[in-house]
Amino acid sequence: MKTITRKKQEITEKTERAKQRKMIEALLYFALGFILSSCEVLKSASPFSISLISVSKKHNFIFTAIGSAFGYLLFCSDSFARYAVAILIVSLGTFAISVADLKNQPYMPMLISFLSLLATGIVVDLKTGALPVQYGLTVAESLLGLGGSFFFFKAVNCNFRRFRFKALPVSDLTCIIISLSVILMSLSRLSIGGISPARIIAVFMILLVSKCGSYQIGTILSLALGLSLGLQSNDTMYLAGAYAFSTMLASLFSPVGKWNSAISFCASTVLFSLASGSPSGVYIAIEAIGSSLAFALIPSRATEKIEEHFHGNADITPDGSLRQSLVVRLRFASSAMHNISECVNEVRERINEINEKNAEKSKENLTKEECISQEIINRKTNEIRVVASDQFFSIADMLADLAREFDEAEYFDNIAAGKIRRLLGEYEIYPKNISVIEDKYNRIRLEIVTKGREIILSKPEIKKEISKICGRNFEKGKVTHFKDETMVTFAERPNYSFEIGFAQHSAEGKFCGDTIKLVHDGRGHSILIISDGMGRGNRAALDGAMGAGLLSRLLSAGFGFDSALKVVNSALFVKSNEESLATIDCASVDLFTGRVDLYKAGAPATYIVKGNRVTKCELTSMPAGILRGIEFAKRTAILTKGDLIVMMSDGITELGGEWLGTILKSFEDNTPQEIADIILNEALKIAEGQKEDDMSIIAARLK
């Protein structure tokens, strides 16, 4: 019962808040309509209140119209009849496009405000027998109304959440500034002893934005405010140039303190005002002095808070010095892990020596079974210490891999990151971080981290726009989900691609002891993997899947082959009490250059076919899971368009004979999948009547 009562109370409170919000909006639109009707340009034109009516929301345009009517009655009594008819026309038009739901674009409000001002103005001009100049002024006023509708539309419909996340396009920000300038221009009619509160507010805002925001926004604001306030009379036309130049001067001195910035702005504006020789120059100089003083006296804590709002959500990407510092720290951490591993090794050897001495001393007091049991315990404990030592070595190598990757990231493009943030804001996506990374090979990688599980980032139109911003052609985004975050990686589209085919045969049961994996590392490499577990059947399948699965995940995460192999080796080493091993065969192909790096741990030969020429790449190495400290045997080759790489497990290569080399020469017109199937079928024919082993083939052709 209490829960129901609480929910009813919450609904009532929400309804009350909604009513209060609507009332505040209505009062705001009424006030703006009233204020804008007092704004006169071109001596007698007052179009901006009409413009606001055309873009007002469905339930608010009535309040804007009423406020405008009162304003025109008070401030433009001579032209009230003409503006009253214009208000009626634009209100009917606004109601019509609201009902038809055509207000998603600014063109309809712009057209309505233009036609209402033009039609009523021409009727008045015809009735009064006006001169051609007056007709020109009527057209100019109508065009101002059209432009005002555009700027007000953008400002009213702006998503201010995008402003908070620094994702607001410059065009929208400019429209907001111009709309604010028009409102201040309307207020500038009010003066106290020749001093204009609107101009004081304008100077204060320019100084605050230039200091806490950015020089670019401050300059736009100064130009817009200076132009709008300067249009009030011929005496103040110089304000646009005075405010713009003073803002540039204030921004120059901004890094050395608020007082310096305020004094430079004030001195420049005073100089312009006195040099103009206009009657209002003295008042504008006094206003500049007062505003600059008020700005300089703002507490530092307040300006820091405002500055944090402007810059708090901006991308902070590493510059050169930060990157190098990070690289050095990772290398130090890697070195520390190596030292820990060596210490663990030394301790292990010392413990083994002590255990051996203790075993010799206690042989006389123990039975044979107890001695064997003690020996088994000591051996297993020693194996655990060995694995612990190897894991520290593996972590050290992984840290070294990360250091190398950061060291190769030559450039972080902050400008492109800012453009992408504004683009994503249009799709209501607000990333936590955006990194545009260009490596030493001039390849670009884009990483976007967002909260939750964003899937809209993988849309083709977003990828297309991002490609335009970066000037590169990107592949489809690779999405990786963490606990409560998503990282989408866009890699530059490489010069080559792979056409791949594979085939498998299980010698025992439905589980094949070989595992095939294909990995794209997001940096322009395709990695082919075959892992062959020891023996046949379920146990071999487990070892093969474990070897290939761990290796593919580590490589996808950006770690190197050698450090990844050490982790796989340790995992197989402690998997069970029985002997556990797996051969690992990898081919990493750089799809930008065609370079292929072959990595083998106990794996059979790989064949590279270039036309009718077949090259057998055979390397001697140990499989994973037998001994500590194993390493890949490596070899490099260069592939070109149409070249074929064929990888096989030992179930095929150990059948002997020259049949494999002969058959590979005849595959010039076959697809990789056909090649894999033909090789498997031929191998099964040759193995007929013999003890079969698991068989796997990967055939890949560079395109």
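**Entry 1: a salt bridge to begin with**

I looked up E492 and found its side chain in a salt bridge with that of R472, at 2.9 Å from N to O. For a salt bridge I need a side-chain nitrogen of Lys or Arg within 4 Å of a carboxyl oxygen of Asp or Glu. The pair links distant parts of the chain, 20 residues apart: E492 is in the loop between β5 (485–491) and β6 (498–505), and R472 is in the loop between α18 (460–470) and β4 (478–481). My helices (H or I, at least four residues) and strands (E, at least two) are DSSP runs, numbered from the N terminus. Both E492 and R472 are buried. I call a residue buried under 20% relative accessible area, exposed over 50% and partly exposed in between, with a 1.4 Å probe and protein chains only.

A note to self on what I am working with: this is a predicted model, where local features need pLDDT of at least 70 and side-chain atom pairs count only at pLDDT 80 or more, while totals for chains, interfaces and linings use all residues. Residues are numbered from 1 along each chain as its sequence is written, and side-chain values use heavy atoms, leaving out hydrogens and water.

**Entry 2: the other salt bridges**

How many salt bridges does the rule give? I get a count of 9. Side chains of opposite charge can pair when their charged atoms come close.

Next I checked D590, which meets R443 in a salt bridge of 3.0 Å, N to O. D590 lies in strand β9 (residues 582–590) and R443 in the loop between β2 (433–439) and β3 (444–451), so this pair ties together parts 147 residues apart in sequence. D590 counts as buried at 10% relative accessibility, and R443 is buried at 12%.

Strand β9 came up again with D585, whose salt bridge to K600 has its closest N and O atoms 2.7 Å apart. K600 is in strand β10 (residues 595–601), 15 residues away from D585. Are these two buried or exposed? K600 is buried, with a relative accessible area of 0%, and D585 is buried too, at 1%.

**Entry 3: around S196**

I then moved to S196, in the loop between α8 (170–187) and α9 (197–212). S196 counts as buried because its relative accessibility is 1%. What does S196 touch, beyond its neighbours within four places in sequence? I find S188, L190, S191 and E287, taking contact as heavy atoms within 4.5 Å. E287 is 91 residues from S196 along the chain, yet their C-alpha atoms are separated by 7.5 Å.

**Entry 4: nonpolar cores**

A nonpolar core here is a set of buried Ala, Val, Leu, Ile, Met, Phe, Trp, Tyr and Cys residues joined through side-chain atoms within 4.5 Å. The largest has 26 residues, and Y243 and F265 touch the most other members. At least two residues each come from α8, α9, α10 (215–230), α11 (239–253), α12 (258–276) and α13 (281–296). Which helix gives the most? It is α9, with 8 residues.

I listed the contacts of F265 more than four places away in sequence: V203, I206, L207, Y243, S246, T247, A250 and S292. A second, separate core has 23 residues, including V609, I663, F667 and A683.

**Entry 5: the whole protein**

I closed with totals: 23 helices and 15 strands, and 45% of the 703 residues counted as buried. Of the contacts between residues at least 6 apart in sequence, 70% join residues at least 24 apart.
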